[in-house]
Amino acid sequence: MSTDQGSIFQCTPFTVEKLRWWFNLLDVNKDGSISEADFQLIASRYVQEYQLEEADTAELGDKLVNSWGTQKLEAVEEEVKHNIPLISKMADDLKAGLNIAQDDIIVAFEQLIEHNSQLARSTLENMVAAFFDVFDYNQDNYITKQEFVVAMRCFGLEEPEVAETVFVCMGGDQEGRLSRQEYVDSWLNFLLG
Ligand SMILES: [Ca+2]
Ligand SMILES: [Ca+2]
């Protein structure tokens, strides 16, 4: 099962470290696991940033949970679920409001990359893109520097200089903006490159 011909990359210790870093970023309440609580916290910060109605928090949190995890993970093929039961367990647990330990996510992705790296890549792509949809506040399919700074604050990165530097590294220039493709590609290049 670990020798699929379509393999385009390997899961190295460096990949694992980067995935761990990303999941740690998503674990905004820093309890070592990803759960609905993290997405709700991101949503409540977002609602504060843009001074939206408090009622929007739950809806936005649900949207993030669904688009990041449940729908994408559930969509993974049956054959993969059979070989990598952790993947379907993650989707079920997230939907049920349970915590998914970061270590479990890492193991699941290691197994997924080994089993079918193309599928691992497209699954991660969907997970990364889920955030683009939210952080593109005015929904013009670009993330501006300002939208990015707000997004990073929602993840708990308070320093705008750091966010601006990351933004430039991702391909946005000082006045510039990031397209969906640039945003997704730079995350994937970082995580899997
Ligand atoms: Ca958490
Ligand atoms: Ca925008």
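Helices (H or I, at least four residues) and strands (E, at least two) are DSSP runs, numbered from the N terminus. The model treated here is predicted.

**Exercise 1. Fold inventory**

Find how many helices and strands the protein chain has, and give their order along the sequence.

*Solution.* Start with the count. The protein chain has ten helices and four strands. Next, read along the sequence. The pattern is α-β-α-α-α-α-β-α-α-β-α-α-β-α.

**Exercise 2. Overall dimensions**

Compare the radius of gyration of the protein chain with that of a compact globule.

*Solution.* Take the chain length: 193 residues. A compact globule with that many residues would have a radius of gyration near 16 Å. The protein chain has 16 Å, so the two agree. Then add the extents. The C-alpha trace spans about 50 × 35 × 25 Å along its principal axes.

**Exercise 3. The annotated spans**

Locate the feature "domain: EF-hand" and describe the chain in each span.

*Solution.* Go to the record. UniProt, in an unreviewed entry, places the feature at residues 14-49 and 123-158. Take residues 14-49. This span is 75% helix and 6% strand. Its end C-alpha atoms lie 34 Å apart. Now take residues 123-158. Here the chain is 64% helix and 8% strand. The end C-alpha atoms are 29 Å apart.

**Exercise 4. Helices α2 and α8**

Classify the packing of α2 against α8 and identify the residues of the contact.

*Solution.* Fix the elements. Helix α2 covers residues 36-49 and helix α8 covers residues 145-154. Their axes come within 8 Å and cross at roughly 135°. Angles over 145 degrees count as roughly antiparallel, and 65 to 115 as roughly perpendicular. The two helices are therefore oblique to each other. The crossing is right-handed. On α2, the contact is made by Ile42, Arg45, Tyr46 and Glu49. On α8, it is made by Val150, Arg153 and Cys154. Sort these residues by class: four are nonpolar, none polar and three charged.

**Exercise 5. Helices α5 and α6**

Repeat the analysis for α5 and α6: find the angle, the handedness and the residue classes.

*Solution.* Helix α5 spans residues 85-95, and helix α6 spans residues 102-115. The axes come within 8 Å and cross at roughly 135°. That makes α5 oblique to α6. The crossing is left-handed. From α5, the contact residues are Leu86, Ile87 and Met90. From α6, they are Asp104, Ile105, Val107, Ala108, Gln111 and Leu112. By class, the contact has seven nonpolar residues, one polar and one charged.

Definitions and conventions
Residues are numbered from 1 along each chain as its sequence is written. Chains are lettered from A and ligands numbered from 1 in the order in which they are written. This is a predicted model: local features need pLDDT of at least 70, side-chain atom pairs count only at pLDDT 80 or more; totals for chains, interfaces and linings use all residues. Axes are lines fitted to C-alpha atoms, for helices over the stretch in contact, and angles run from 0 to 180 degrees between N-to-C directions. Angles under 35 degrees count as roughly parallel, over 145 as roughly antiparallel, 65 to 115 as roughly perpendicular and the rest as oblique. A crossing is left-handed if the near helix is turned anticlockwise from the far one by less than a right angle, and right-handed if clockwise. Two residues are in contact if their C-beta atoms, placed from the backbone, lie within 7 Å. Ala, Val, Leu, Ile, Met, Phe, Trp, Tyr, Cys and Pro count as nonpolar, Asp, Glu, Lys and Arg as charged, and the others, Gly among them, as polar. UniProt positions are given in the numbering used here, feature names are shortened, and annotations may be inferred rather than shown by experiment. The radius of gyration is taken over C-alpha atoms; the globule rule is 2.2 Å times the number of residues to the power 0.38.
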